[in-house]
Amino acid sequence: TGKTVSASAYLALGISGAVQHLQGIKDCRHVIAVNLDASAPIARRADLTVVEDSTALMTALLELVRQQKEKEKEAA
């Protein structure tokens, strides 16, 4: 889109890292990439790369959040 992002942290889920995308996130301080391809261009830009299916990872993280909320609810 020609837009640039200037973020403290940028989470790239399942993004390969096309040249235009990488240019748009050049001002992001920290980039975390989740991709099945460890050699994807986004992995070279990322400060942290998780080689995993992004949908599976987000499903697992959301389940952990739900469990934590349930624990907090029970403790209250």
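This passage describes the overall fold, the core, selected residues and the salt bridges of a predicted model.

The protein contains three helices and three strands. Along the sequence these elements alternate in the pattern β-α-β-α-β-α. The radius of gyration is 15 Å, well over the 11 Å that the globule rule gives for 76 residues, so the protein is more spread out than a compact globule. Along the principal axes, the C-alpha atoms fill a box of roughly 50 × 25 × 20 Å. Of the 76 residues, 20% count as buried. The accessible surface comes to about 5500 Å², and carbon and sulfur atoms account for 56% of this area. Among contacts with a separation of 6 or more, 13% join residues that are 24 or more positions apart.

The largest nonpolar core has nine residues, namely Tyr-10, Ala-12, Ile-25, Cys-28, Val-31, Ala-33, Ala-40, Ile-42 and Ala-46. Two or more residues of this core come from each of the elements β1 and β2, the latter spanning residues 30-35. Val-31, a member of the core, touches several residues beyond four places away in sequence, including Tyr-10, Ile-25, Ile-42 and Ala-46. These four contact partners also belong to the core. The contacts of Val-31 further include Arg-45, Asp-47 and Leu-48.

Nonpolar side chains are also found at the surface. Leu-11, Leu-13, Ile-32 and Leu-48 form a nonpolar patch there, with about 310 Å² of accessible area together. Leu-48 thus belongs to the patch and is also in contact with Val-31. Leu-13 lies in strand β1, which covers residues 9-13. The relative accessibility of Leu-13 is 32%, so Leu-13 counts as partly exposed.

Two residues of strand β2 illustrate how accessibility varies. His-30 is located in this strand and is partly exposed, with a relative accessible area of 38%. Leaving aside residues up to four places away in sequence, His-30 touches Ser-8, Ala-9, Tyr-10 and Asp-47. His-30 and Asp-47 are 17 residues apart in sequence, and their C-alpha atoms are 6.1 Å apart in space. Asp-47 is also among the contacts of Val-31.

Val-34 is likewise placed in strand β2. The relative accessible area of Val-34 is 2%, under the 20% limit, and Val-34 is therefore buried. Beyond four places in sequence, Val-34 is in contact with Leu-11, Ala-12, Leu-13, Gly-14, Ile-15, Val-50, Glu-52, Asp-53, Ser-54 and Leu-57. Leu-11 and Leu-13 in this list are members of the surface patch, whereas Ala-12 is part of the largest core. The C-alpha atoms of Val-34 and Gln-67, 33 residues apart in sequence, are 23 Å apart in space.

Ser-54 is found in helix α3, which runs over residues 54-75. At 17% relative accessibility, Ser-54 counts as buried. Outside its sequence neighbours up to four places away, Ser-54 touches Leu-13, Gly-14 and Val-34. These three contacts link a residue of helix α3 with Leu-13 of strand β1 and Val-34 of strand β2.

Ser-16 lies in the loop between β1 and α1, where α1 covers residues 19-24. With a relative accessible area of 44%, Ser-16 is partly exposed. Ser-16 touches Asn-35, Ala-40, Pro-41 and Ile-42, not counting residues up to four places away in sequence. Of these partners, Ala-40 and Ile-42 are core residues. The C-alpha atoms of Ser-16 and Val-34 are separated by 9.3 Å, with their positions 18 residues apart along the chain.

Side chains of opposite charge can pair when their charged atoms come close. A search of the whole structure finds two salt bridges. Asp-27 pairs with Lys-26, and the closest N and O atoms of this bridge are 3.6 Å apart. Asp-27 is partly exposed, with a relative accessible area of 46%, and Lys-26 is partly exposed at 45%. The other bridge joins Glu-63 and Arg-66, with 3.8 Å between the closest N and O atoms. Both residues lie in helix α3, three residues apart, which is about one turn of the helix. Glu-63 has a relative accessible area of 37% and is partly exposed.

Technical notes: Residues are numbered from 1 along each chain as its sequence is written. This is a predicted model: local features need pLDDT of at least 70, side-chain atom pairs count only at pLDDT 80 or more; totals for chains, interfaces and linings use all residues. Side-chain values use heavy atoms; hydrogens and water are left out. Patches are made of residues with over 30% relative accessible area and no salt bridge: like charges are joined within 9 Å, nonpolar side chains (Val, Leu, Ile, Met, Phe, Trp, Tyr) within 5 Å. Accessible areas come from the Shrake-Rupley method with a 1.4 Å probe; for residues, only the protein chains shown count as cover. A salt bridge is a side-chain nitrogen of Lys or Arg within 4 Å of a carboxyl oxygen of Asp or Glu. Helices (H or I, at least four residues) and strands (E, at least two) are DSSP runs, numbered from the N terminus. Buried means under 20% relative accessible area, exposed over 50%, partly exposed in between (1.4 Å probe, protein chains only). A nonpolar core is a set of buried Ala, Val, Leu, Ile, Met, Phe, Trp, Tyr and Cys residues joined through side-chain atoms within 4.5 Å. Contact means heavy atoms within 4.5 Å. The radius of gyration is taken over C-alpha atoms; the globule rule is 2.2 Å times the number of residues to the power 0.38.
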